[in-house]
Amino acid sequence: RVVGVSGFSVFPEEARAKPRVGGYTGIRAERVLSLSPDLVLAYSDLQAEVTAELVKEGATVLHLNQRSLSGILDAILLIGRVIGEADAAERLRGEMEREILQYRQSPPVRRPRVYFEEWGDPLICGIGWVSDLIEAAGGEDLFRERAASPAASGRVVDPEEVVEKDPEIIFASWCGKRVSFDRLRARPGWEGIGAVREGNLVEIKAPYILQPGPSILRGLRRMHEVIGEYAKEQCSGIEGRGRIN
C-alpha cells in the first residue's frame, strides 16, 4: 500500500525498494503527485511548505508533529485509524510500551549524567522523545528542560554549558551526518569532561533515534546497553574503557 518514501526511509527493509520522492526537507511535490497517493503522511514544520503545496494541488495530507515519546505512540494509533488498521496499530503501540516499561523498571543504582548531541554546529541537544528515551534507558538527560522545545532553536546549547554539567556519557547523532568525535574532543575545555576523558562517546545512527516511529527502540536498546555497562563499571570501580563507534 506504500507507493513512495523519502530518501531517509530505511525501515523496514522493503522501504528501500520503494520510489523515492526526495530527501527529508527536499521532498518534490510533483514527484509525490505522480504516484497518485490516496494519503500523504508528512512530519514536522520542516515539511510544511511542501505539504501546503500538495494540499493546494488537491492531495489529502495527514501532517504529524510528534515531539515526545507519548506523541510517537499516539501518532501510531492515529495513522492506524486513518488507514483502517486500528488493531494493528494498537498491537504495535502495546509492544513498544511493554519493551520501554521493561527498561524503566530496571534503572541503575545511580543514573549517569548524559548529554545527547543532535547537531554539532551550533550544538543542539536532543528533542523530546530522545530525552524520554534517555530517562527510560537509565540515564539523566542534562538538558531535559530544553527537550520540550518544538523548534531546534530552543535546544541550542553553549559548549561551555556542557563543560559545566560534565556529562559522564555523550551520545551523538548528527541528523544523518557522520559524527566527528575528533571535532568534539577538540572543543575548548572539553578535554576535562568526564565522558571525553574516559572515552564514553557513542554515536547512534540517525534512523535508530531521530526518526519518530518504531525504529526508536533500536536507539533505546543501544543507550540502555551503554548506560548499563557504564553503571556496572562504576559499581566495580573500573574506569571507562571507551566505546567510540
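How many helices and strands does the chain have? The count comes to 11 helices and 7 strands, taken as DSSP runs numbered from the N terminus, with at least four residues of H or I for a helix and at least two of E for a strand. The model is predicted, so local features are reported at pLDDT of at least 70 and side-chain atom pairs at pLDDT 80 or more, while totals for chains, interfaces and linings use all residues. Residues are numbered from 1 along each chain as its sequence is written, and side-chain values use heavy atoms, leaving out hydrogens and water.

Starting with overall shape, the C-alpha trace spans about 60 × 35 × 30 Å along its principal axes. The radius of gyration is 19 Å, which agrees with the value near 18 Å for a compact globule of 245 residues; the radius is taken over C-alpha atoms, and the globule rule is 2.2 Å times the number of residues to the power 0.38. The accessible surface comes to about 12500 Å², with 52% of it belonging to carbon and sulfur atoms (Shrake-Rupley method, 1.4 Å probe; for residues, only the protein chains shown count as cover). Of the 245 residues, 47% count as buried, where buried means under 20% relative accessible area, exposed means over 50%, and partly exposed is in between, with a 1.4 Å probe and protein chains only. As for contacts (heavy atoms within 4.5 Å), 57% of those between residues at least 6 apart in sequence join residues at least 24 apart.

Next, the strands. E1 (residues 40-43) and E2 (residues 61-64) run parallel and pair over 4 bridges, pairing being called when DSSP finds at least two bridges between two strands. Ala 42 has His 63 in E2 as its bridge partner. Together with helix H2 (residues 48-56), E1 and E2 make a right-handed β-α-β unit; right-handed means that, with the strands pointing away from the viewer, the path from the first strand over the helix to the second runs clockwise.

Strand E3 has several partners. E3 joins E5 in parallel through 2 bridges, with Arg 113 partnered by Glu 140. E3 also runs parallel to E6, with 4 bridges, and here Phe 116 is matched with Phe 171. With E4, in contrast, E3 is antiparallel, over 3 bridges, and Trp 119 stands opposite Ile 124. A hairpin of 2 residues links E3 to E4. Pro 122 sits in that loop, and the peptide bond leading to Pro 122 from Asp 121 is cis, with omega near 0°. E3 is largely enclosed by the rest of the structure, because 6 of its 8 residues are buried.

What of the interior? A nonpolar core is a set of buried Ala, Val, Leu, Ile, Met, Phe, Trp, Tyr and Cys residues joined through side-chain atoms within 4.5 Å. The largest core has 33 residues, and those touching the most other members are Trp 129, Val 130, Leu 133, Phe 171, Ile 209, Leu 220 and Met 223. Elements that each supply at least two residues of this core include H3 (69-82), H4 (86-104), E3 (113-120), H5 (128-137) and H11 (216-236). H11 gives the most, with 7 residues. Beyond its neighbours within four places in sequence, Leu 220 is in contact with Ile 100, Tyr 103, Leu 133, Ala 136 and Ala 137. A second, separate core holds 18 residues, among them Tyr 115, Leu 142, Val 157 and Leu 184.

Helix H5 is largely enclosed too, since 10 of its 10 residues are buried. Its buried residues include Trp 129, Ser 131, Asp 132 and Glu 135. Gly 138 follows H5 with a positive phi, near 105°. Asp 141, in strand E5 (residues 140-141), counts as buried at 9% relative accessibility. Leaving out residues up to four places away in sequence, Asp 141 touches Val 114, Ser 131, Ile 134, Glu 135 and Ala 147. The C-alpha atoms of Asp 141 and Val 130 are separated by 9.1 Å.

A few backbone details remain. The peptide bond from Phe 11 to Pro 12 is cis, with omega near -10°, and Pro 12 belongs to the segment before H1 (29-34). Ser 36, in the loop between H1 and E1, has a positive phi near 50° without being a glycine, and counts as exposed at 59% relative accessibility. Asp 166, also not a glycine, has a positive phi of about 50°; Asp 166 lies between H7 (159-165) and E6 and is partly exposed at 24%.
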